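Please open the model in your viewer and keep the sequence beside it, since this tour moves from one selection to the next.

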Amino acid sequence: MAAESDPVEIVVCLGSSCFARGNMANLALLKKYAESAGSHVSVRLSGSLCQEQCKVGPNIMIDGTLHHGVTPAHLRELLQQLGKSGEAHGTA
Ligand code: FES
């Protein structure tokens, strides 16, 4: 189990296929999330080159788990789960 302060590692595939098929929008969403979620979920956002899994893209890795076919709606669900697993105390 990770410590509360461990940042969530999110790696966005920036290869041309994934980027054109959705990761451009996903990256914008992730940037907003990283800026707004900083107080309760620490996020380390980075990009990667093509992972040679273009057919099942757009691909995003979150804490070592590679997610395929990630739409912005799917990504929002994944990020909500991060917020839930990371909340320890209520903040006002
Ligand atoms: S561009 Fe993302 S896996 Fe190839």
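## The chain as a whole

Following the chain along its sequence, you meet the pattern β-α-β-β-β-α, made up of two helices and four strands. The model is a predicted one, so begin by colouring it by pLDDT, whose mean over the chain is 86, with 82% of the residues reaching 70 or more. Of the 92 residues in the chain, 22% are buried. Among contacts between residues at least 6 apart in sequence, 72% join residues at least 24 apart.

## First selection: the sheet

Select the four strands, which form an open sheet in the order E2-E1-E3-E4, with mixed pairing. At its edges are strand E2, residues 43–48, and strand E4, residues 65–67, each of which pairs on one side only. On average, and with direction ignored, neighbouring strands of this sheet are turned by 20 degrees against each other.

Now go through the pairs in turn. E1 and E2 run parallel and are joined by six bridges, whereas E1 and E3 pair in the antiparallel sense over three bridges. Strand E3, residues 60–62, also pairs with E4, again in the antiparallel sense and over three bridges.

Isoleucine 10 is a useful residue to pick here: opposite it in E2 stands leucine 45, and its bridge partner in E3 is isoleucine 62. For the pairing of E3 with E4, pick methionine 61, whose bridge partner in E4 is leucine 66.

## Second selection: helix H1

Next select residues 16–36, which are helix H1; this helix lies across E1 (8–13), E2 and E3, and runs at about 150 degrees to E1. Look along H1 for a kink of about 70 degrees, which is centred on glycine 22. Glycine 22 is also one of the buried residues of H1, together with Cys18, Asn23, Asn26, Leu27, Leu30 and Tyr33.

Stay with tyrosine 33, which has its place in helix H1. Why does this residue count as buried? Tyrosine 33 is buried because 21 other C-beta atoms lie within 10 Å, and the cut-off for a buried residue is 20 or more. Leaving aside its neighbours within four places in sequence, tyrosine 33 is in contact with Val43 and Leu79. You can check the distance from tyrosine 33 to valine 43 in the viewer: the two are 10 residues apart in sequence, and their C-alpha atoms are 8.7 Å apart in space.

## Third selection: the nonpolar core

In soluble globular proteins, nonpolar side chains tend to be buried together. In this model the largest nonpolar core has 13 residues, of which Ile10, Val12, Cys13, Leu30, Ile60, Ile62 and Leu75 touch the most other members. Two or more residues of this core come from each of E1, H1, E3 and helix H2, which spans residues 72–86.

Centre the view on leucine 75 and show what surrounds it. Which residues is leucine 75 in contact with, leaving aside its neighbours within four places in sequence? They are Asn26, Leu29, Ile60 and Val70.

## Last selection: residues 88–92

Finally, select residues 88–92, over which pLDDT stays under 50 and for which the model has three contacts beyond four places in sequence. Where pLDDT is low, the predicted coordinates should not be read in detail.

Notes
Residues are numbered from 1 along each chain as its sequence is written. This is a predicted model: local features need pLDDT of at least 70, side-chain atom pairs count only at pLDDT 80 or more; totals for chains, interfaces and linings use all residues. Two strands pair if DSSP finds at least two bridges between them. Axes are lines fitted to C-alpha atoms, for helices over the stretch in contact, and angles run from 0 to 180 degrees between N-to-C directions. Two residues are in contact if their C-beta atoms, placed from the backbone, lie within 7 Å. The bend at a residue is the angle between axes fitted to the seven residues ending there and the seven starting there. A residue is buried if 20 or more other C-beta atoms lie within 10 Å of its own, exposed if 12 or fewer, and partly exposed in between; C-beta atoms are placed from the backbone. A nonpolar core is a set of buried Ala, Val, Leu, Ile, Met, Phe, Trp, Tyr and Cys residues joined through C-beta atoms within 7 Å. pLDDT is the predictor's confidence in each residue, from 0 to 100.
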